[in-house]
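Trainee: Could we go through this structure together and check the reasoning behind each label?
Mentor: Gladly; let us look at it first.

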Amino acid sequence: MGKRGAFIVIEGLDKSGKSTQAATLLRRLQDSQVSAKLIKFPDRTTTIGKMVDSYLRSESELDDHVIHLLFSANRWELASSIEESLKQGETIICDRYAFSGIAFSASKIRPGSHSYPLLDYAWCRSPDIGLPAPDIAIMLDVSQDVAQARGGYGEERYEKEDVQRRVRDVFVRIGEEFEGSGGKWLVVDADEKPDEVQTVIWDAVKDLVKGIEGPLEKLWD
Ligand code: 2DT
Ligand code: MG
């Protein structure tokens, strides 16, 4: 039996360079004759993804529970195709995944309160239980100053300084729990130059992308 592909998730705040790093990694893998593809969540092209897109652009309002479940459903839509590709030996680079799902939802606070959570952390985690688990999750950690220097945030719903700060705090907890459940969580200083960040990423994935013998694990299982 051949080896399966590696499932590599890249996470991070806005302006952390996630998409750039993911694209650079894809090119490097293809140049090394590794069969690989890049996917991203939310996948705004599906029916569910279009509802998510409209919410993010503030063109629609949805209950916070509903949008959380839609983000998760958007991953479940793709779960079997992810499994299939990995089984075929294809490596997948995934720009955002279930970790963003928890971080952005669990960091929401009740209107009028300073820190009282709107959604329970464990509740936020539960709809993603059983999804394909990444072989490594790489968290690109950018400081607020550098994010601002890179042109600041855009117009979408979560692209605000206070949101990003709270999201970062939840990412720290998520990383600890993912490691606690046997996952590999790598925090990379994304304030560094793109080349230096890519060097750290490559070093972390270069053995995984040779193919993996072990089974694909399930997330939070
Ligand atoms: P992009 O800017 O990467 O398109 O993300 N988000 C993402 C969630 O709130 N929950 C999720 O499950 C995922 C995958 C993060 C758009 C925004 O969507 C947020 C930023
Ligand atoms: Mg964005």
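Mentor: We need one cut-off to begin with: a residue is buried if 20 or more other C-beta atoms lie within 10 Å of its own, exposed if 12 or fewer, and partly exposed in between. By that rule, the buried residues of H7 are Gln164, Arg166, Val167, Val170, Phe171, Ile174, Gly175 and Phe178. Keep in mind that this is a predicted model; the protein averages a pLDDT of 97, with 100% of the residues scoring at least 70.

Trainee: What do the buried residues of H7 pack against?

Mentor: Their partners are helix H4 (98–106), strand S4 (136–141) and strand S5 (185–189).

Trainee: How do you know that the span of helix H7 agrees with its number of residues?

Mentor: H7 covers residues 161–180, which is 20 residues, and at 1.5 Å a residue the expected span is 28 Å. The C-alpha atoms at its ends are 29 Å apart, so the two values agree. After H7 comes Gly182, with a positive phi near 95°.

Trainee: Why is Ile39 called partly exposed?

Mentor: Ile39 has 16 other C-beta atoms within 10 Å. Buried needs 20 or more and exposed needs 12 or fewer, so a count in between is partly exposed. Ile39 sits in strand S2 (residues 36–40), and, leaving aside neighbours within four places in sequence, Ile39 is in contact with Leu78, Ile92 and Cys94.

Trainee: And what makes Gln33 exposed?

Mentor: Gln33 has 7 other C-beta atoms within 10 Å, and exposed means 12 or fewer, so the label follows. Gln33 belongs to the loop between helix H1 (18–31) and S2, and its phi is positive, near 60°.

Trainee: Why is a positive phi worth pointing out?

Mentor: Because most residues other than glycine have a negative phi. Trp220, in the segment after helix H8 (194–205), also has a positive phi, near 55°. Trp220 counts as partly exposed, with 17 C-beta neighbours inside 10 Å.

Trainee: Which residues does a cis peptide bond join?

Mentor: Phe41 and Pro42, with omega about 0°. Pro42 is in the loop between S2 and H2.

Trainee: Which residues of H2 and H3 meet?

Mentor: From H2 they are Ile48, Gly49, Met51, Val52 and Tyr55, and from H3 Ile67, Leu70, Phe71, Ala73, Asn74 and Glu77. The residues of this contact divide into eight nonpolar, two polar and one charged. The axes of H2 (residues 47–56) and H3 (residues 64–87) are 9 Å apart, at an angle of about 140°, and their crossing is left-handed.

Note on methods:
Residues numbered from 1 in each chain as written. Chains lettered and ligands numbered in written order. Predicted model: local features only at pLDDT ≥ 70, side-chain atom pairs only at ≥ 80, totals over all residues. Helix = DSSP H or I, 4+ residues; strand = E, 2+ residues; numbered from the N terminus. Expected span 1.5 Å × (residues − 1). Contact = placed C-beta atoms within 7 Å. pLDDT = per-residue confidence, 0-100. Axes fitted to C-alpha atoms, helices over the stretch in contact; angles between N-to-C directions. Left-handed = near helix turned anticlockwise from the far one by under 90°. Nonpolar A, V, L, I, M, F, W, Y, C, P; charged D, E, K, R; others polar.
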